[in-house]
Amino acid sequence: MKIFCVGRNYAEHAKELGNAIPDEPVIFIKPKSALLQTHTPFYYPEFTNELHYEVELVLRVSKNGKYIQERHASKYYNGITVGIDFTARDLQAELKEKGLPWEKAKGWDNSAVVGKWVDLTPKINLKEINFSLTKNKEVVQEGNSKDMIFTFDQIVANISNYFSLNIGDLIFTGTPAGVGECVVGDELEGFLEKESMFQVEVK
Ligand code: ZN
């Protein structure tokens, strides 16, 4: 199982971190060990002093494929939820400055939170889906899939030119503006439309 993540897929978020708008999806991968298992506590990692949340829409891959064309891409995922791409922002800034890979800032154990799944049906309009994150009951991030620079299908097609997609792989599709810090004791809750999808306490 692989966890693909898209960087800089919302213009406002790219701007807030001082990054250019990409002309091709920015892709990175978290290992399987990054997935926070249900009922496992989330601990603030000791190697960072600037832990950031990034709430994202997450797709579940349901079909194996490679070199998938955009017009066929929607057949390759069948579930959606929201998740958090936890990031050690101080470490990421350091690595970016040196031109080094991001893995230590992004791919550590339990850095990927995934909510409960919603099976896709034709009734769900993926082109305009709202999601949000609250911290201690206050909204800190709000997004809508219509603001993505690359659509779900463009992301799937692009990833599949480089990596085979396999059943069970996950795709984090990028975070909207409003990323920020969390500290021990904070409670984070992710929503798809109005429905609560996960709750995490930073321990
Ligand atoms: Zn992210």
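Strand β5 (residues 77–85) pairs with strand β7 (residues 112–114) in the antiparallel sense over three bridges. Here strands are DSSP runs of E of at least two residues, numbered from the N terminus, and two strands count as paired if DSSP finds at least two bridges between them. Within this pairing, Asp85 of β5 stands opposite Ala112 in β7. The model is a predicted one, in which local features need pLDDT of at least 70, side-chain atom pairs count only at pLDDT 80 or more, and totals for chains, interfaces and linings use all residues. Residues are numbered from 1 along each chain as its sequence is written, and side-chain values use heavy atoms, with hydrogens and water left out.

Strand β5 has further partners. Strand β8 (residues 118–119) pairs with β5 over two bridges, again in the antiparallel sense, and Gly79 has Asp119 of β8 as its bridge partner. Strand β4 (55–61) runs antiparallel to β5 and is joined to β5 by seven bridges; Val58 is matched there with Thr81 in β5. Strands of a sheet pair through backbone hydrogen bonds, either parallel or antiparallel. Strand β5 is mostly covered, as eight of its nine residues are buried, where buried means under 20% relative accessible area, exposed over 50%, and partly exposed in between (1.4 Å probe, protein chains only).

Asp85 leads from this strand to the metal site. The zinc ion is coordinated by Glu54 (OE), Glu56 (OE) and Asp85 (OD), at 1.9 to 2.1 Å. Donors are N, O and S atoms within 2.8 Å of the metal (3.2 Å for Na, K and Ca), and sites may look incomplete because water is not among the atoms. Along the chain, the zinc donors follow the spacing E-x1-E-x28-D. Distant parts of the chain are thereby linked: Glu54 lies in the loop between β3 (51–53) and β4, whereas Asp85 lies in β5, 31 residues apart. Both of these residues are buried, Glu54 with a relative accessible area of 4% and Asp85 with one of 1%.

A further part of the model is an open sheet of four strands in the order β10-β9-β13-β14, with antiparallel pairing. Its edge strands are β10 (138–144) and β14 (195–201), each of which pairs on one side only. Between them in the order, strand β9 (residues 130–135) and strand β13 (residues 187–192) pair over five bridges, and Phe131 stands opposite Leu192 in β13.
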